[in-house]
Amino acid sequence: MTQELILETRGLTKEFRGFTAVDDVNLKVQEGHIHALIGPNGAGKTTVFNLLTKFLPPTRGEILYRGKPITRMKANEIARLGLVRSFQISAVFGHMTALENVRVALQRKLGTSFHFWKSERSLDHLNDRAMELLDEVGLAEYADVLTVEMPYGRKRALEVATTLALEPTMMLLDEPTQGMGAEDVDRIVELIRRVSAGRTVLMVEHNLSVVSRLCDRITVLARGAVLAEGDYQEVSRNPQVREAYMGSEAAAEEASA
Ligand SMILES: Nc1ncnc2c1ncn2[C@@H]1O[C@H](COP(=O)(O)OP(=O)(O)OP(=O)(O)O)[C@@H](O)[C@H]1O
């Protein structure tokens, strides 16, 4: 079996004024996997995600994509290499229809190619492709609906469609099921499974049932460092992982008491 790494971090560290939020993290994501980053509150998941997606510069360490350093590249540069962060809902335009939003994403991908705009047929082609992408995420019937009028779960699916427009090799998803009811969660799980075919996915996810259903490999962070790594069976049996989660639950209960 080939075990090609697509994304790797070496000694990734982020300090905020002396506080180490991410501490010497060596992450290895295998090509084709759905890989989850989990951990109790404050473990550093979001900070790692923001380092990988270039929202934050690391204090130390390296990020490699397909063996090449991307540590100092910008978000749009890594997107061109195929490493794409799913857009936030705030980046989807509410006053546009679902179809128009996907079209804008496709246009963004085409960017500078001026010749493209000269032909009526290319615009038709753009519409066809946008429709295909909507269909892929189960939103064909929402094509002409204004985004602002779409239910929350459907907006997240639209966000995935706009990400797919950039033809990612690897997708980075930040809590894709956050704030969703059970029905939407199931739909997004199926969607991620479907769009992960032929791709690699790295996701930060709080919902452990989602992680157990979807992920090939899981990295558990605690206090900024990697606490455990393995498949769901392995990490959920790990006593240190259980303790880290229980500790944080007890702390949360205490805080809300
Ligand atoms: N910009 C910042 N300045 C200072 N400290 C920060 C900053 N961002 C994050 N931190 C701290 O770094 C630690 C890790 O935060 P992070 O948000 O990455 O954790 P998380 O695992 O995503 O948590 P949660 O599950 O609660 O979202 C926390 O203690 C947080 O307070």
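In this predicted model, Asp24 counts as partly exposed, because 15 C-beta neighbours lie inside 10 Å, a number that falls between the 12 or fewer of an exposed residue and the 20 or more of a buried one. Asp24 has its place in strand 2, which covers residues 19–25. The backbone at Asp24 deserves a second look: its phi is near 55°, a positive value in a residue other than glycine. Most residues other than glycine have a negative phi. A positive phi also appears at Glu167, where the angle is near 50° and the residue is again not a glycine. Glu167 belongs to the loop between helix 5 (152–164) and strand 8. With 12 other C-beta atoms within 10 Å, Glu167 is exposed.

From these single residues, the description can turn to the sheet. Six strands form an open sheet in the order 7-8-9-4-10-11, and their pairing is mixed. Which strands sit at the edges of this sheet? They are strand 7 (83–85) and strand 11 (225–230), each of which pairs on one side only. From one strand to the next, the twist averages 20°. At one edge, strand 7 pairs with strand 8 (residues 170–174) in the parallel sense, over three bridges. Within this pair, Leu83 stands opposite Met170 of strand 8.

Further along the order comes strand 4, with strand 9 and strand 10 on its two sides. Strand 4 and strand 9 (residues 200–204) are parallel and share four bridges; here His35 has Leu202 as its bridge partner. Strand 4 also runs parallel to strand 10 (residues 217–222), again joined by four bridges, and Ala36 stands opposite Ile218 in that strand. Is strand 4 largely enclosed or largely open to the outside? Five of the five residues of strand 4 (residues 34–38) are buried, so the strand is largely enclosed by the rest of the structure. Its side chains can be followed in turn: Ile34, Ala36 and Ile38 point one way, His35 and Leu37 point the other way, and all are buried.

The next level up is that of domains. The domain assignment of the protein gives domain 1, made of 1–82 + 170–257, and domain 2, made of 89–167. The contact between them takes 10 residues from domain 1 and 10 residues from domain 2. On the domain 1 side, helix 6 (residues 182–195) gives the most, with five residues. Sorted by class, this side of domain 1 has seven nonpolar, one polar and two charged residues.

A related picture comes from the buried nonpolar residues. In soluble globular proteins, nonpolar side chains tend to be buried together. The largest nonpolar core here has 67 residues, and Val102, Leu134 and Ala161 touch the most other members. Where does this core lie with respect to the domains? Both domain 1 and domain 2 give residues to the core, so it lies between them. Val102 offers a useful place to start exploring the core on screen. Leaving aside residues up to four places away in sequence, Val102 touches Ala130, Leu133, Leu134, Ala161, Thr162 and Ala165. Leu134 and Ala161 thus appear twice in this account: each is in contact with Val102, and each is named with Val102 among the residues that touch the most other core members.

Note on methods. Residues are numbered from 1 along each chain as its sequence is written. This is a predicted model: local features need pLDDT of at least 70, side-chain atom pairs count only at pLDDT 80 or more; totals for chains, interfaces and linings use all residues. A nonpolar core is a set of buried Ala, Val, Leu, Ile, Met, Phe, Trp, Tyr and Cys residues joined through C-beta atoms within 7 Å. Domain bounds come from an automatic or database domain assignment. Two residues are in contact if their C-beta atoms, placed from the backbone, lie within 7 Å. Two strands pair if DSSP finds at least two bridges between them. Ala, Val, Leu, Ile, Met, Phe, Trp, Tyr, Cys and Pro count as nonpolar, Asp, Glu, Lys and Arg as charged, and the others, Gly among them, as polar. Axes are lines fitted to C-alpha atoms, for helices over the stretch in contact, and angles run from 0 to 180 degrees between N-to-C directions.
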